[in-house]
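Colleague: I should like to learn how to read a model of this kind. Where should one begin?

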Amino acid sequence: ARVEQEVRSIDVMPTLLELAGIKHSGPMSGRSLVPLVNGTDSTPRPVYMETGVWMSTVGCWVLTIRAH
């Protein structure tokens, strides 16, 4: 499925675990993307890029900060 919202690579593991029906124990930084794909979660997710660029989306606006 395709979603318009930015997603994070840290969310891949929780997504795969949920799709496989595997419960994880202990803390996990990411969140499953399954609710986003199903359309039951539209909560904005902050996205951090390790390339020296930080982006945040609010509505149709995108704020980009580049490290020098």
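Modeller: Begin with confidence, as this is a predicted model. In the protein chain, the lowest confidence is in strand E2 (residues 53-58), with a mean of 65, and the highest is in H1, at 93. Where pLDDT is low, the predicted coordinates should not be read in detail. Over the protein chain the mean pLDDT is 80, and 79% of the residues reach 70 or more.

Colleague: Which residues of H1 are buried?

Modeller: The general idea comes from helix geometry. An α-helix has 3.6 residues a turn, so residues three or four places apart point the same way. In this structure, Pro 14, Thr 15 and Leu 17 are the buried residues of H1. Viewed down the axis of H1, these buried residues lie within an arc of 165°, so they line one face of the helix.

Colleague: Against what do the buried residues of H1 pack, and which residues are exposed on the other side?

Modeller: The buried residues pack against helix H2 (34-38). On the other side of H1, the exposed residues are Leu 19 and Ala 20.

Colleague: How should Leu 19 be read, as buried or exposed?

Modeller: Exposure is judged by relative accessible area, with a cut-off of over 50%. Leu 19, in helix H1 (residues 12-20), has a relative accessible area of 61% and is therefore exposed. Together with Val 12 and Leu 16, Leu 19 forms a nonpolar patch on the surface, and the three have about 300 Å² of accessible area together.

Colleague: What is found just after H1?

Modeller: Gly 21 follows there, with a positive phi of about 75°.

Conventions:
Residues numbered from 1 in each chain as written. Predicted model: local features only at pLDDT ≥ 70, side-chain atom pairs only at ≥ 80, totals over all residues. Heavy atoms only, no water. Patch = residues over 30% accessible without salt bridge, like charges linked within 9 Å, V, L, I, M, F, W, Y side chains within 5 Å. Areas by Shrake-Rupley, 256 points an atom, 1.4 Å probe, with all protein chains shown as cover. Salt bridge = Lys/Arg side-chain N within 4 Å of Asp/Glu carboxyl O. Helix = DSSP H or I, 4+ residues; strand = E, 2+ residues; numbered from the N terminus. Buried < 20%, exposed > 50% of the residue type's maximum accessible area, 1.4 Å probe, protein only. Arc of directions from axis to C-beta. Contact = heavy atoms within 4.5 Å. pLDDT = per-residue confidence, 0-100.
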